[in-house]
Amino acid sequence: MIARWILLSLLPVVAGISLTQSRRLSAIIGMGLFSLVLAAVYLLMHAPDVAITEATIGAALVTAIYVLAIRRTGRLTVVADEVPGLIAREGDRVAGLEYEILKGFAQQIGLDLSIQFVPLRRVRWLVAHHEADLGAGGMIHCGDAEGTLSSTPMHLATGLFAFSGTGMQQETEPAREAPDYEGYFSELLAHDKQGTLSAAVTSLDLARVLSLGRVGAALQDLARVDGEYGYAFLISRRRTTLQRDYAAYLTQLRASGRLDEMIERHFT
Amino acid sequence: MKRHRVRIIAATGIVLAFAILVSIMHLGNAPDPSDSTRYLSRALEETGASNRVAGVYLNYRLLDTLLEVLVFSVAVLGVRHYLQQSEGMELPDLSESEVVRTAVVFLSPLALLLCAFFAILGHISPGGGFAAGVIAASGLLYVAIAHGMGAIEAQLNPGRMARTEETILLALLIFALSPIAFGKLPLSDLLAKGTPGRLLSGGSILVYNILIALKVFVGAWAVIAVFAQHRGEL
């Protein structure tokens with residue numbers, strides 16, 4: 001009898017806890033726990049059949065289906081091209097300025113951050129087709145013909161560099177040892193081999209120029225393009241709420257001086 | 001499209017024909033619903049199932065249970081019908097952590113074991129076909145979450161699963177009506193009641209439990225698989 005009252009009074013507590021969770025996964029686990037406590041109550045009321053049904057449906061199946069449902073919505077899904085310094089894998093973890101900004105933002109809006117590294121052209125496609133929330137990895141937004149893509153406010157100023165692209169030197173081979181990832185550099189190398197390099201890329205941002213330098217490439221006739229450019233995240237034009245949330249977060253990050261502190265930590 | 005419409009009309013026809021046929025033959029025979037004490041005092045003796053809940057819903061109220069099973073089948077049919085019109089999407093795989101993958105190795109066999117336990121012993125201990133089927137489907141869902149849908153789809157094709165579900169439903173309905181062939185009323189017990197508490201007791205309840213477990217498992221899985229295909233999840 002006492003056990004039943006304890007469990008019954010536990011029900012509103014568990015319900016309250018799961019309702020007040022900002023992280024969706026925690027809320028779902030709370031709901032599963034609620035079902036489990038309810039099943040225990042049924043068991044104490046001598047209704048083991050109902051208890052089994054409650055436990056299997058409420059705690060097992062529905063929880064699993066909710067987990068499925070939030071795999072994309074409960075995560076801030078970011079697709080990124082790998083750019084050292086901004087966002088890149090270091091061993092088995094991800095590091096960089098953009099990664100740190102995204103981590104803070106995901107935490108602020110109560111989502112789990114999920115990052116997938118994909119080739120540059122896939123970044124644009126995935127964001128435009130709403131299969132990812134944000135595109136990262138040294139994105140400089142220069143307009144979009146279909147008008148589906150937009151960008152967040154800049155978080156780091158950079159420069160664009162034009163180059164003639166008469167051929168990358170053969171010591172750029174280190175790309176062969178790079179992880180099996182079809183990315184920016186492998187794309188450049190493929191164009192270099194086919195002799196279509198100048199058609200493929202006419203300008204590079206600072207981070208990629210530096211990265212190319214790091215793997216031993218020499219770009220000829222490098223010249224800075226006039227104008228103000230900066231890194232931002234790609235976002236779909238229709239995701240207005242996410243845009244507003246992110247803009248507010250970035251403003252707050254900048255005002256508190258934490259953005260400058262992060263930039264300093266990563267780039268000096 | 002046409003084939004699906006025919007299927008839906010056929011399914012509705014089966015449901016209606018079954019409901020009308022059984023109602024006519026069953027109504028005169030059903031115990032008085034207001035006499036609930038009869039369920040408690042005589043269930044053991046009349047059904048042979050020591051789990052009296054199973055005795056009530058798979059013997060006295062078998063008609064209700066079968067209609068519930070039909071409702072589930074119609075739901076599965078509806079989900080497949082409406083989702084088949086849209087194309088599936090190709091998305092990058094969402095990988096799951098090592099913790100989840102390791103947990104699944106322990107959880108899934110346990111789920112299958114529990115499913116067999118509840119289905120086979122549903123008439124002597126708590127459990128039953130519905131819970132058993134849901135447990136098995138959850139077990140498979142855990143595997144899918146951890147290892148991706150592709151691994152399972154290679155073994156269990158969703159289209160074939162849905163056809164299997166329809167076949168099991170047909171078997172269930174035929175079994176429910178088969179007592180007619182032996183000169184009994186439909187939905188009445190075909191098998192011996194046996195000694196309560198033994199595995200082979202409770203008349204046809206054991207067969208119903210196993211069939212319902214299979215049906216719910218296959219049906220639930222077909223729905224989950226179609227959802228997964230068309231949202232590209234798992």
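Two residues count as in contact here when their C-beta atoms, placed from the backbone, lie within 7 Å. Keep that cut-off in mind as you click around, and remember that this is a predicted model.

**Stop 1: Pro158 in chain B**

Select Pro158(B), which sits in helix α8 (residues 158–177) of chain B. Leaving aside residues up to four places away in sequence, Pro158(B) touches Glu153(B), Ala222(B), Ala225(B), Val226(B) and Gln229(B). Add Ala222(B) to your selection and draw a distance between the two C-alpha atoms: the separation is 5.3 Å, although their positions lie 64 residues apart along the chain. Is Pro158(B) buried, partly exposed or exposed? Count the other C-beta atoms within 10 Å and you get 19, so Pro158(B) is partly exposed; burial would take 20 or more.

**Stop 2: Chain B as a whole**

Now zoom out and colour chain B by secondary structure. You should find 9 helices and 0 strands, so the order of elements from the N terminus is simply α-α-α-α-α-α-α-α-α. Chain B has 234 residues, and 35% of them count as buried. Contacts that reach far along the sequence are plentiful: taking pairs in chain B at least 6 apart, 76% join residues at least 24 apart.

**Stop 3: Two crossing helices in chain B**

Select residues 36–47 of chain B, which form helix α2, and residues 52–60, which form helix α3. Turn the view until you can look along one of them. At what angle do α2(B) and α3(B) pack? The angle is about 75 degrees, and the axes are 9 Å apart; the two helices are therefore roughly perpendicular to each other.

Show side chains where they meet. From α2(B) come Tyr39(B), Ala43(B), Leu44(B) and Thr47(B), while α3(B) brings Arg52(B), Gly55(B), Val56(B), Asn59(B) and Tyr60(B). By type, that contact is made up of 5 nonpolar, 3 polar and 1 charged residues.

**Stop 4: Asp189 in chain B**

Keep Asn59(B) on display and add Asp189(B). Their C-alpha atoms are 7.7 Å apart, with a sequence separation of 130 residues. Asp189(B) belongs to the loop between α8 and α9 (205–231) of chain B. Beyond residues up to four places away in sequence, Asp189(B) touches Gly203(B) and Ser204(B). Asp189(B) is partly exposed, having 19 other C-beta atoms within 10 Å.

**Stop 5: Where the chains meet**

Bring chain A back into view and highlight the contact between the chains. How many residues does each chain contribute? Chain B supplies 19 residues and chain A supplies 16 residues. On the chain B side, helix α6 (residues 129–147) gives the most, with 9 residues. The residues on that side of chain B comprise 15 nonpolar, 3 polar and 1 charged.

**Stop 6: Chain A as a whole**

Hide chain B for the rest of the tour. Chain A contains 10 helices and 11 strands. Of its 268 residues, 30% are buried. In chain A, 74% of the contacts with a separation of 6 or more involve residues 24 or more positions apart.

**Stop 7: Strand β1 of chain A**

Select residues 75–80 of chain A, which make up strand β1; 5 of its 6 residues are buried. Next, add strand β4 (residues 112–117) of chain A, which runs parallel to β1(A) and is joined to it by 6 bridges. One pairing to label is Thr77(A) with Ser114(A) in β4(A). Then add strand β5 (residues 134–139) of chain A, also parallel to β1(A), with 3 bridges between them. Here Val78(A) stands opposite Leu134(A).

**Stop 8: Helix α2 of chain A and the residue after it**

Finish with residues 24–44 of chain A, the 21-residue helix α2. A line from its first C-alpha to its last spans 31 Å, close to the 30 Å expected at 1.5 Å a residue. Which residues of α2(A) are buried? They are Ile28(A), Met31(A), Gly32(A), Phe34(A), Leu38(A), Ala39(A) and Val41(A).

Just after α2(A), click on His46(A), which lies in the loop between α2 and α3 (48–73) of chain A. Most residues other than glycine have a negative phi. His46(A), though not a glycine, has a positive phi near 60 degrees. His46(A) counts as exposed, because it has 8 C-beta neighbours inside 10 Å.

Key: Residues are numbered from 1 along each chain as its sequence is written. Chains are lettered from A and ligands numbered from 1 in the order in which they are written. This is a predicted model: local features need pLDDT of at least 70, side-chain atom pairs count only at pLDDT 80 or more; totals for chains, interfaces and linings use all residues. Helices (H or I, at least four residues) and strands (E, at least two) are DSSP runs, numbered from the N terminus. The expected span of a helix is 1.5 Å times one less than its number of residues. A residue is buried if 20 or more other C-beta atoms lie within 10 Å of its own, exposed if 12 or fewer, and partly exposed in between; C-beta atoms are placed from the backbone. Ala, Val, Leu, Ile, Met, Phe, Trp, Tyr, Cys and Pro count as nonpolar, Asp, Glu, Lys and Arg as charged, and the others, Gly among them, as polar. Axes are lines fitted to C-alpha atoms, for helices over the stretch in contact, and angles run from 0 to 180 degrees between N-to-C directions. Angles under 35 degrees count as roughly parallel, over 145 as roughly antiparallel, 65 to 115 as roughly perpendicular and the rest as oblique. Two strands pair if DSSP finds at least two bridges between them.
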